[in-house]
Every structure is written in structure tokens, then in C-alpha cells.
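Visitor: Please take one part of this model and walk me through it closely, starting with whichever term I need to read it properly.

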Amino acid sequence: LELPGEEPRACRVPDVGGVQMAALSGRHSCCLRSERVALPELARGATCSLVTLLPEILFFNRAGEGFEVGFRQADVPEGTIRWVPPGGCAPVWWDGSGEPALQ
């Protein structure tokens, strides 16, 4: 796996139904997830799986219409607040300073 501007990193693809942690950089923790995909009757007997790369932490805003939810890493400037619109989601990436805590 390789994030632009970072060195490539090796990671094992998980077995179907499994999850494997994958660090794309020191601040980009992700996970690989493998799931079985159902194929049409025509392809009976063939096995197929889907592997997705997701941020380790995703915030979802289910607060309802008109309510944005904001979050930021503790001990970083207030200008770094990340706003999530109603029904939206956003990944959490640590900036590398301090402990990974949110406000």
C-alpha cells in the first residue's frame, strides 16, 4: 500500500470476513476488510471477494437535519475543527503531536 508522498508499506490481505490493520503513514491508521461477494447464477462455483481500505476511525453525524457535529484533536489549534454535515461522515487522522484524544 502506498500513500502519495510516503514510502510503500507491506500489508497482508485478510481472509474473507477478516480485518487487518494497515498504517499508511505514522498518522494514517487504516484497516483492510475482506468480504465475500455474491456472484450471479451464471458464475456459480467461482469465488469472489471485495477488499476495502478504510480509515481506522470514521465519525458519522446522525444528529439530524440542521445539526453539524465538530471535532478536533485535543491540544491542537482551534482552527483545525473538522465539521461533519448532517448524514455525513469524516475520517479521523492524528496530527502526530500529543496523545490521540478528541474534543
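Guide: A salt bridge is counted here when a side-chain nitrogen of Lys or Arg lies within 4 Å of a carboxyl oxygen of Asp or Glu. The model is predicted, so that local features need pLDDT of at least 70 and side-chain atom pairs count only at pLDDT 80 or more, while totals for chains, interfaces and linings use all residues. Residues are numbered from 1 along each chain as its sequence is written, and side-chain values use heavy atoms, with hydrogens and water left out.

The part I would choose is the pair Arg33 and Glu35, whose side chains meet in a salt bridge with an N to O distance of 3.8 Å. A search of the whole structure finds 1 salt bridge. Side chains of opposite charge can pair when their charged atoms come close. As for cover, Arg33 has a relative accessible area of 39% and is therefore partly exposed, the class between buried (under 20%) and exposed (over 50%), with a 1.4 Å probe and protein chains only. Glu35 is also partly exposed, because its relative accessibility is 32%.

To place this pair, it helps to step back to the chain, which holds 0 helices and 7 strands (DSSP runs numbered from the N terminus, with at least four residues of H or I for a helix and at least two of E for a strand). Read along the sequence, these elements give the pattern β-β-β-β-β-β-β. Of the 103 residues in the protein chain, 21% count as buried.

Strand S2 covers residues 29-36 and runs antiparallel to strand S1, residues 19-23, with 5 bridges joining the two (strands pair if DSSP finds at least two bridges between them). S1 and S2 form a hairpin, and 5 residues lie between them. Within this hairpin, Arg33 of S2 stands opposite Val19, and Cys31, also in S2, is the bridge partner of Met21.

On the other pairing of S2, the partner is S3, again in the antiparallel sense, and this time over 7 bridges. Here Glu35 stands opposite Leu50 in S3. Thus one member of the salt bridge, Arg33, is opposite a residue named in the hairpin pairing, Val19, whereas the other member, Glu35, is opposite a residue of S3. Leu50 itself belongs to strand S3, which spans residues 49-55, and with a relative accessible area of 43% Leu50 is classed as partly exposed.

A second residue of S3, Leu53, shows how this strand meets its surroundings. Leu53 is partly exposed, at a relative accessible area of 39%. Not counting residues up to four places away in sequence, Leu53 touches Leu1, Leu24, Cys30, Cys31 and Leu32, where a contact means heavy atoms within 4.5 Å. Cys31, then, is touched by Leu53 and is the bridge partner of Met21. Leu53 can also be set against Gln20: the two residues are 33 apart along the chain, and their C-alpha atoms are separated by 9.6 Å. For the chain as a whole, contacts between residues at least 6 apart in sequence include 33% that join residues at least 24 apart.
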